[in-house]
There are 2 protein chains.
Amino acid sequence: MRIIVIGASGRVGQDVVKDLQANGDHVIATSRHPQNLGDEQIALDLHEEAGELAKQLPDADAIVFTAGSGGRDLMGTDLDGAIKTMQAAKQKGISRYVMLSAAYATDRSQWQTPAIQSIRDYYIAKHYADLYLINESGLNYTIVQPGTLTETPATGKATFADKQFTDNAIPDVADVITQATHANNTIGKVILMHGGDTPIKDAIAAL
Amino acid sequence: MRIIVIGASGRVGQDVVKDLQANGDHVIATSRHPQNLGDEQIALDLHEEAGELAKQLPDADAIVFTAGSGGRDLMGTDLDGAIKTMQAAKQKGISRYVMLSAAYATDRSQWQTPAIQSIRDYYIAKHYADLYLINESGLNYTIVQPGTLTETPATGKATFADKQFTDNAIPDVADVITQATHANNTIGKVILMHGGDTPIKDAIAAL
């Protein structure tokens with residue numbers, strides 16, 4: 001598949017690019033300041049309007065959104081930037097869209113958790129971006145919602161279920177995103193990801 | 001009418017409370033730290049979830065939203081706080097909702113204006129709050145979108161049209177909000193407000 005990874009230079013994005021390439025995909029890596037990633041690079045500024053983003057994006061079979069501002073530009077990047085890439089995808093006829101979100105971004109009943117309270121504005125941004133993707137984008141979406149991202153080695157395992165908020169190793173999150181992008185049974189689903197004992201391939205097949 | 005003014009202690013809110021009372025309305029004034037405003041006061045923290053806000057709000061005929069964080073809490077107040085009051089209104093069966101927004105918040109083609117570029121994050125927050133009100137809230141809304149607010153005396157006049165971005169005296173904005181709240185012909189409309197020569201009463205009647 002030809003896959004655009006938006007936010008390719010980010011912590012998760014870099015791993016997703018490598019995993020997709022290892023899978024045989026052709027990866028178009030976008031970031032604000034392009035680095036030597038993927039098979040093609042595009043400089044993309046998410047502050048552009050959706051119509052301009054649509055002009056700058058190439059044709060592709062899917063978009064994977066892994067961009068994040070690290071809390072420095074939640075309105076412009078994590079919320080508005082994300083939604084505009086959905087609108088650009090729709091305009092270009094790229095119907096498959098995979099979003100890196102955060103555990104319980106769509107379930108406010110869990111927001112009293114200290115791990116969420118401490119980054120509440122980030123959750124608000126992800127919340128409305130996810131809701132737009134689900135309710136208004138018209139795209140064939142998958143939303144991956146991991147717990148706290150850790151820079152630890154891959155375990156190759158996960159649990160997709162509603163359980164206590166946990167950490168997830170970044171390479172495991174990238175693995176889930178990569179496999180979900182190719183698994184049509186994940187379309188229209190929110191994958192709530194926790195640490196666990198199920199091989200990721202089996203967990204995705206069971207969705 | 002029984003009217004809840006959310007953000008009653010703000011610059012526009014205070015004038016709206018006075019105008020509504022002068023009009024004979026019963027005003028329930030809400031703010032985070034209640035002041036001696038309106039006929040009743042309620043302490044309302046917009047960081048509460050929508051269900052909790054619905055419990056705290058009294059019955060009323062309309063809600064007027066004039067709260068704003070002054071750029072200090074755009075995610076929690078201007079965006080998420082606003083949307084949760086819409087959800088609370090819907091839960092309580094308060095179907096009439098009047099929103100103080102900002103000129104062109106729903107028209108991104110105008111966002112290159114320097115006055116908007118300088119407060120872009122504020123515009124993103126107002127944009128998605130307005131879109132929720134229009135597309136998802138299920139409320140009988142009116143959205144008032146003035147230009148730059150100035151602490152100058154009332155002119156009693158305005159223009160409701162698409163023209164160059166201008167200033168609006170705060171008492172004129174409060175006047176438009178107050179009259180619009182009582183004018184059923186404003187339901188379902190976005191009032192783009194500029195300075196002008198038409199008496200506000202006539203401008204509203206012509207909508």
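Helices here are DSSP runs of H or I with at least four residues, and strands are E runs of at least two, numbered from the N terminus. Axes are lines fitted to C-alpha atoms, for helices over the stretch in contact, with angles from 0 to 180 degrees between N-to-C directions.

**Ground rules.** I am working with a predicted model, where local features need pLDDT of at least 70. I count residues from 1 along each chain, and chains are lettered from A in the order written.

**A helix pair.** I looked up helix α5 (residues 120-135) of chain A and helix α3 (residues 74-92) of chain B: their axes come within 10 Å and cross at roughly 50°. That makes α5(A) oblique to α3(B) (under 35 degrees is roughly parallel, over 145 roughly antiparallel, 65 to 115 roughly perpendicular, and the rest oblique).

Next I checked who touches whom, with contact meaning heavy atoms within 4.5 Å. From α5(A) I noted Arg120(A), Asp121(A), Ile124(A), Ala125(A) and Tyr128(A). From α3(B) I noted Met75(B), Gly76(B), Leu79(B), Asp80(B), Ile83(B) and Lys84(B).

**Two copies.** How does chain B map onto chain A? I found that a rotation of 180° with 0.0 Å of shift along its axis superposes chain B on chain A, at RMSD 0.0 Å (a least-squares fit on C-alpha atoms of residues with pLDDT of at least 70 in both). The two copies are thus related as by a two-fold rotation axis. I also saw that 100% of the contact residues of chain B recur in chain A. Which residue of chain B comes closest to the rotation axis? I found Met75(B), with its C-alpha at 3.8 Å.

Conventions:
This is a predicted model: local features need pLDDT of at least 70, side-chain atom pairs count only at pLDDT 80 or more; totals for chains, interfaces and linings use all residues. Side-chain values use heavy atoms; hydrogens and water are left out.
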